[in-house]
Amino acid sequence: MTEETALEIQDTEKREVAETGAERTRDRLAFVPRADVYETDEGITVVADMPGVDENCVDITLEQNVLTINGYVELEQPEGLNLAYAEYQVGDYQRAFTLSDQIDRDGIEAVVKDGVLRLYLPKVTEAQRRKISIKAG
Amino acid sequence: MLMRPYAGWTPAWREMERLRREMNRLFSTWPRQASGATASGYPAMNVWTDEDNAVVTAELPGVVLDDIDITVEDDVLTLRGSRKPDEVEGATYHRQERRYGSFLRTFRLPFRVDAEKVEASFAKGVLRIALPRAAEDKPRKITVRAA
């Protein structure tokens with residue numbers, strides 16, 4: 001039924017989240033989104049492929065220094081049609097990163113566009129680190 | 001039917017439960033899985049059909065609609081496109097798992113398609129192409145008259 005030629009992009013199979021200890025409450029597949037993580041002097045950027053996710057169904061938490069990304073995907077099936085051939089499965093996304101640097105929590109920015117999450121985590125600047133706030137007595 | 005253990009979940013029961021869910025899922029929603037990772041090109045496609053329609057979906061996160069080229073000829077759908085890398089200067093990459101570059105995929109549909117009526121939409125990184133069956137390809141019912 002298929003003939004295909006893959007050019008530069010290959011090996012794009014989705015990786016399922018391994019079940020460890022705590023089970024997921026949603027009876028749905030969960031995948032580990034493919035991500036790029038890069039760092040500059042100013043901050044860390046995380047870019048994750050999460051097709052099917054928009055800004056309303058992604059949860060990001062930063063607790064201690066663990067960044068957790070959750071994306072919830074609603075199954076959208078063409079009405080009245082039957083799935084005749086399947087190469088990929090649809091499910092939620094789940095991934096956690098441990099961040100080494102101190103992050104300025106108030107400066108975190110997240111954008112979701114075309115199924116890609118872009119997360120910018122600015123580092124605490126040297127000045128911020130040294131600053132000691134003094135309250136009026 | 002499975003009996004519920006009375007003293008909470010033991011690892012064995014949990015494993016059984018996981019297996020059961022897996023089996024249910026495989027049998028209920030997955031009529032035909034492409035055999036293994038090597039069978040498919042990029043992007044992976046799901047194909048939904050009935051008598052007169054086919055809908056093809058593909059996950060293309062981060063691809064711009066202008067960079068996707070869809071052509072249909074008879075019963076062959078061709079999808080061409082590319083994904084451009086982020087332009088980052090002076091950054092150190094800790095992980096680079098996302099793929100960039102061009103892709104080309106052809107797919108043979110179960111019937112010939114009316115190319116004029118093909119509609120494609122792209123939302124949340126998911127491409128969806130609706131392909132109605134060509135009128136001349138539809139089976140014709142032949143009435144047999146009594147002589």
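**Exercise 1. The elements of chain B**

Task: Work out in what order the elements of chain B run from the N terminus on, and state how many helices and strands its secondary structure comes to.

Solution: Reading this predicted model from the N terminus, we find that the elements of chain B run α-β-β-β-β-β-β-β-β. The secondary structure of chain B therefore comes to one helix and eight strands, where a strand is a DSSP run of at least two residues. As further background for the chain, buried residues make up 27% of its 147 residues, and among its contacts with a separation of 6 or more, 50% are accounted for by residues 24 or more positions apart.

**Exercise 2. Strand β4 of chain B and its partners**

Task: Determine with which strands β4(B) pairs, and sort the residues of β4(B) into a covered and an uncovered face.

Solution: We begin with strand β3 (residues 68-73) of chain B, which pairs with β4(B) in the antiparallel sense over six bridges; in this pair, B:D69 stands opposite B:R80. Two residues lie between the strands of this hairpin, and in it B:D74 takes a positive phi near 55°. We then turn to strand β6 (residues 101-108) of chain B, which is joined to β4(B) by eight bridges, again in the antiparallel sense, and here B:L77 has B:F107 as its bridge partner.

For the faces, it helps to recall that side chains in a regular strand alternate between the two faces of the sheet. In strand β4 (residues 76-83) of chain B, the covered face holds B:L77, B:L79, B:G81 and B:R83, whereas B:V76, B:T78, B:R80 and B:S82 belong to the uncovered face.

**Exercise 3. Two sheets with strands of both chains**

Task: For each of two open sheets of five strands, give the order of the strands and name the strands at the edges.

Solution: One sheet has the order β10(A)-β11(A)-β5(A)-β4(A)-β5(B), with antiparallel pairing. Its edge strands are β10 (109-113) of chain A and β5 (92-96) of chain B, each of which pairs on one side only. Neighbouring strands of this sheet are turned by 10° against each other on average, direction ignored. Within the sheet, strand β4 (residues 35-39) of chain A is joined by five bridges to strand β5 (residues 43-49) of chain A, and A:Y38 has A:T45 as its bridge partner.

The other sheet has the order β8(A)-β1(B)-β2(B)-β8(B)-β7(B), and its pairing is antiparallel too. At its edges stand β8 (82-86) of chain A and β7 (119-123) of chain B, each with a single partner strand, so one side of each is left without a neighbour in the sheet. On average, with direction ignored, neighbouring strands here are turned by 20° against each other. The step from one chain to the other is made where β8(A) pairs with strand β1 (residues 45-49) of chain B over four bridges, with A:Y85 opposite B:V47.

**Exercise 4. Two loop residues with positive phi**

Task: Decide whether A:Q64 is buried or exposed, and do likewise for B:K124.

Solution: Most residues other than glycine have a negative phi. A:Q64 nevertheless has a positive phi near 55°, and it is found in the loop between β6 (58-63) and β7 (66-71) of chain A. Because A:Q64 has 7 C-beta neighbours inside 10 Å, and 12 or fewer count as exposed, A:Q64 is exposed.

B:K124 likewise has a positive phi, of about 55°, and its place is in the loop between β7 and β8 (126-132) of chain B. Because B:K124 has 20 C-beta neighbours inside 10 Å, and 20 or more count as buried, B:K124 is buried.

How values were computed. Residues numbered from 1 in each chain as written. Chains lettered and ligands numbered in written order. Predicted model: local features only at pLDDT ≥ 70, side-chain atom pairs only at ≥ 80, totals over all residues. Pairing = 2+ DSSP bridges. Axes fitted to C-alpha atoms, helices over the stretch in contact; angles between N-to-C directions. Contact = placed C-beta atoms within 7 Å.
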